[in-house]
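The following paragraphs walk through the model shown here. Keep the structure open while reading.

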Amino acid sequence: MSFIKNYLERQICERRQFLLLSAYGLGGMAVSSALKTKTARAAVQNPKIAWSYRDRTNPYWNSIVAGGDAFVRSLGRPSDSLINLINEGSSEKSLADIKSLLSRYGSQVALAADPNDMPNCRPVVEAVCSAGAYISTIWNKTDDLHPWDFGDNYVSHMTWSDVGPSEQTARVLFDAMGGKGGVVHLGGIASNNPAIERLQGLKNALKSYPNIELLAVQAADWDTQKANQVMSGFLTRYGDAVKGVHCASDTMAYGVIEALRAEAIEGMPIVSYDGNPQAVGLVAQGKLLATVFTNPYWGGGITAALAYYAATGVFKPSSEPKEHREFYGPATLVTTKDASEFKSKYIDSNPEYDWKSLWSFTSGPIKYKS
Amino acid sequence: MSTLLTADMIRKWAPVLVLIGLVLLFTTINPHFFSLRNFARITISSTPALMVAVGVTFVILMGSIDLSMEGTIAVCAVLFALILNIFGGSISGIGWLAIPGALLAGAFLGAVNGIVHVQLKIPSFMASLSLGFIGIGLSLLITGGNRILIDDPVFRSLLTFRIMGFPLMVYAALLCLMVAWFIQDDTVIGRNFYAVGGGEDLARASGLNVGRLRIIGFTLAGIFYALGAIFAVARLGIAETETGRNFMFTSITSVVVGGTALRGGSGGVWSTLVGVLIVNVIGNGMVVTGLPDYFQDGVLGILVIFAVYLSTDRRSLSFIK
Amino acid sequence: MFELRNVEKRYPGVHVLKGVDFSVGDGEIVGLVGENGAGKSTLMKIIYGAVQHDAGDVLVDGENVHFRNPRDAMKRGIGMVYQEQSLIPNLTVMENIFLGFEEPFVYFGSINWRKMAAAARKQLEKVKLNISPSTLTSKLTFAQRQLVELAKVLTLEERTEGKLVILLDEPTSVLSKEEIDLLFTLVKELRRRASFIFVSHRLDEIIELSDRIYVLKDGVVVDTIDGETANAADIQKKMVGRDIHSQYYREDRQSSFDKNNVLLELEHVTIAGRGNDVSLALHAGEVIALLGVEGSGREPILRTIFGMQKPEKGTIKIRGEPVNAFSAARSVAHGIAYVPRERKIEGIASGMNVFENMTLSQMKNYSWGGILKVPSERALARDWIHRLSVKVPSENTDCGNLSGGNQQKVVLAKWRSGGSDIILLDHPTRGLDIGAKEDVYDMIRDMSQDGVGIILVADTLEEAIGLSHTIAVIRDGEIRQWFTCLPGSKPSPFDLIQHMV
């Protein structure tokens, strides 16, 4: 039961840290505004490293934080020196936590953050920059906000484009179906950007497979149980016409697999997305045809590393090219052929990354729609 | 009087009529709906929900409310998987201990819930809601946010082994329903649930220990949540904090739609069965008929209002002095 | 002048009013009596607009009117003083008086409280109530609330042109004798402003107050009696349609009790929050009546004996054994039974059927290892339904649908069948019609004969005198005087009232 003990210790530690921060934040607000400076500061010696993210209940964010921890340890610091700011899906909490952090440590902060939603990114970045601290963001940013408009303090933004990889999984699926037959898509929460992109990828692939028919698209809200029920419904509605399943996430694919298992249907081609450890395992067993690995472990580490090395002056962000300030994160297609190898390399253990090689796994500059 | 009686009958059977109406409606739109295989699918998705709804039925019969099910299910599911995996990973070995283990955990959480509600005199609404959050936190603590997989073929035969087209878990759930029915109709505890829900002052004046009864009710509910958790794990082979998700809304909706009044004292587990089937028939039917998913929540909402309207209208109907 | 001509009302399956003629002259006080179910409440609802008649005419000053709701009726000067008081407890007196009629005091959306208070004071003067209009209603006594209700209805005076007709539905049921006298004086004075329709179960009051009395039976006005010449026995006979038992309270069946068998003893008991000192002894076969005005402290004594309240001081002994723990459960186990005044709340669980209600207090006798023995429950219920001639189709009938008398029989059967021999009866005949009351009196005598000790809080003075062996007069929580009530030498109401007030 040592994991419980560890977890408790970590939580208590975070809690204490956070309470101190909040308390200090109230008193320190005035101080911070007095010290507020717009000019980029000279390199900081030993900045505090912090990660602001959603929650611990899902494997994705767990991997992100594990990467952050690994980076912190690579600096020779204890892993609990990484400050966790958990926003629980609230932009207000996200901003408030970051502000307390800044009023406590001022410019001595290297922050990695997912601002929770796109509009929240600007106030977060502005708060960090006006404190003279350094920030790297992932996922949520409006299109008109760019790191290079903030000098050195807004170091970088990384996001993932899901259209291309999702198209690749669709092609794997269609090939397995022999290029013909009906396919169903189980989507994420309809308004989520990744859900939209992953469906778009499927539609792009459909253009080159005229004999594949997209039977139905239904949101299953990233939820295993809901996906299970939706898949059952599809089986009633289309029966044997369903020849393949395209899932927008691994979690939903598990529900689909179980719905098929209940009906004793075997060998149905299924593809998914996210590259969760369980899904990679299923790919290795052949129960899934493919998933896409976005390497959250590396993403979590490298985002913190970017902020940290900019803060300590190892590199000067404003002298870097734009594709080093805004870029797509890695997206690796995992298929039955390479799954076992992939699993032992990336899932069963995490490779030793060189955290100083900042852009080694990125996939090019962000392309905006218009 | 005869007209009143028929009005009574209509109210009593309204949920069944709604269920039949829905089945006919969906069948008309897509004949595939009316098939043994599809009914099996509906019953599979109903099974965990039925257990949870039966549990909360007891609490609602007493005129209380329990919102702790999501947390309790998460804890029970995760503990069940953990114990099963520690004891060799198979129900056929000593892994069967996971079943009583999960039931005990459910009973314990339910009892804590009841004790907090009764002894600290916190309204059941608040007490159970808070304990639900504690349950979620506890299960996160145990899993660290990860999923626990169950691959025991013996245990999974609850889903994979079929008799007359329906998987084993459906029969197991029916058995549990019979037990619940027995508790409701043939035990002192069940009778007392109705008495407390029908009139707490009366129950007290008749010498019942209402506080203790409440605690028993919440404990019983906890045991049924644990059963729901086990079936949920059997259905997906995964135990995680998310296992409890959505059960609060669907179970309470089912109970109310089935015709058990939220003020307590009337209704029962059979009504709940009908309610659970209605909710799941809608869920399945919407996909089967290919209606857009955002209709689903809307229809469910309208249905709840309709059901509550039916169950609260009865007082004003007997206005003859 | 208000008149109903040949008014009919049917509910599904029931013909409630069968061609009722009814009239109220200006300044007249009209009594309306009838047994439960005779159609009184429906008739009243038609008068004040809560229910619409199916046929016939309603005339105000000779003009045919049709009320769609109580507000329509109010516009024509017809107001109702409700039996269950309709004031909202968390509002002030003036807010209640003008509830729904605030417009005259509203200026640009806000209420001029001073003006409203002045207007309210004027209304309160009409009923001679000297309280501040900004008092919270919950702080008033029942009698004061009743007067505020009356004041509220009297505001119609300023809003309508014609004379008022005011309905009083059982206005005296929660009042003390003193308060009743006050109310009656007031009503008599108000006659120059309004006519009254007075509904009550208490015939003596009806006779005292009314100019004319309508007797309603089975939806028909069977007689109209002049208030001057009316007598209670006559009216009762007309209401019931048969002669009343010459021994109404079954005094012929009153036998002496066993003086050596003390069932219950209170020794210098102080009721929580009362600072009093109560001692009494209840013997097997004895009926003790606790007599006093409303709020004199009769119910707290019953509740303390039943264990729902813990006494501050003193000892309670059951069959000689001192009681240490206080809970209803314990009392039930010791054979104490409590038949509360609020039958609907504490007596009968509606939604549960006859046998379920009967065994509720004695489930351990009808279960084995927590599992119910339903067949023996049913047998018990059938037996008692037969013994007490409860009018029910079967033991499966929902008790909520039974008449008051039958509900009371079920409650008594519940305790008697469980072997309780100390029975506390709080207003056991309240709201029952005469036939059902007689049944209850018979049951009380039966129980006495079986050696059951009964403590009774009666509905009327006469009932207490008629039924009891011993009377304890209570004032301000203390027993002030004991009376022995042997048949033939019973104290008179006058003797008792002197000690009550």
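A good place to start is a single pairing in chain C, where K317(C) stands opposite P322(C) in β17(C). The model that shows this is a predicted one. The two residues belong to a pair of antiparallel strands: β16(C) and strand β17 (residues 321-322) of chain C are joined over two bridges. Together β16(C) and β17(C) make a hairpin, with two residues between the strands. R319(C) sits in the turn of this hairpin and has a positive phi of about 50°.

Which strand pairs with β16 (residues 313-318) of chain C over five bridges? The partner is strand β13 (residues 258-270) of chain C, and the sense is again antiparallel. Within this pairing, E267(C) stands opposite T315(C) in β16(C). As a general point, the side chains of a regular strand alternate between the two faces of the sheet.

The turn residue R319(C) leads to another part of chain C, since R319(C) is one of the residues in contact with D421(C). D421(C) lies in the loop between α15 (404-417) and β21 (422-426) of chain C. Beyond its neighbours within four places in sequence, D421(C) also contacts L263(C), G335(C), V452(C) and G453(C). Another residue to look at from here is I336(C): the C-alpha atoms of D421(C) and I336(C) are separated by 6.5 Å, although the two residues are 85 apart along the chain.

The next step is the domain division of chain C. The domain assignment gives domain 1 as residues 2-240 of chain C and domain 2 as residues 251-500. Nine residues from domain 1 of chain C and nine residues from domain 2 of chain C take part in the contact between them. The C-alpha centres of domain 1 of chain C and domain 2 of chain C are 34 Å apart. Between them, domain 1 and domain 2 of chain C bury about 780 Å², and carbon and sulfur atoms account for 56% of that area. How many salt bridges are found across the interface of domain 1 of chain C and domain 2 of chain C? The number is zero. The number of residue pairs in polar contact across this interface, with both residues at pLDDT 80 or more, is zero as well.

From the inside of one chain, the view can move to the chains together. Two pairs of chains are in contact, and chains A and B share the most contacts. Chain A and chain C do not touch, and their nearest C-alpha atoms are 38 Å apart.

The contact between chains A and B takes 32 residues from chain A and 37 residues from chain B. The two chains bury about 3100 Å² between them, with 51% of it on carbon and sulfur atoms. Of the area that chain A buries against chain B, 21% comes from Q225(A), T236(A) and R237(A), more than from any other three residues.

Charged and polar pairs are found here too. Chain A and chain B have five salt bridges between them. E258(A) and R156(B) meet through their side chains in a salt bridge, at 2.2 Å from N to O. The interface of chain A and chain B also has eleven residue pairs in polar contact, with both residues at pLDDT 80 or more. On the side of chain A that touches chain B, the elements giving two or more residues are α1 (2-35), α2 (59-74), β7 (212-219), α7 (224-238) and α8 (250-262) of chain A. Of these, α7(A) gives the most, with eleven residues.

It remains to say how confident the prediction is. The model scores ipTM 0.84 and pTM 0.78. Chain A has a mean pLDDT of 86, with 88% of its residues at 70 or more. Over residues 23-41 of chain A the pLDDT is below 50, and this stretch has 15 contacts beyond near neighbours in sequence. Where pLDDT is low, predicted coordinates should not be read in detail. Chain B has a mean pLDDT of 88, and 93% of its residues reach 70 or more. Residues 313-321 of chain B stay under 50, with 14 contacts in the model beyond four places in sequence. For chain C the mean pLDDT is 85, and 96% of the residues reach 70 or more. Among the elements of chain C, helix α12 (residues 343-347) has the lowest mean pLDDT, 68, while strand β22 (residues 453-457) has the highest, 93.

Notes
Residues are numbered from 1 along each chain as its sequence is written. Chains are lettered from A and ligands numbered from 1 in the order in which they are written. Side-chain values use heavy atoms; hydrogens and water are left out. pLDDT is the predictor's confidence in each residue, from 0 to 100. Contact means heavy atoms within 4.5 Å. Two strands pair if DSSP finds at least two bridges between them. Helices (H or I, at least four residues) and strands (E, at least two) are DSSP runs, numbered from the N terminus. Domain bounds come from an automatic or database domain assignment. Buried area is the accessible area (1.4 Å probe) that two parts lose on being put together, summed over both. A salt bridge is a side-chain nitrogen of Lys or Arg within 4 Å of a carboxyl oxygen of Asp or Glu. A polar contact is a pair of N or O atoms within 3.5 Å; within protein, one must be able to donate a hydrogen and the other to accept it, and residues adjacent in sequence count only if both atoms are side-chain atoms.
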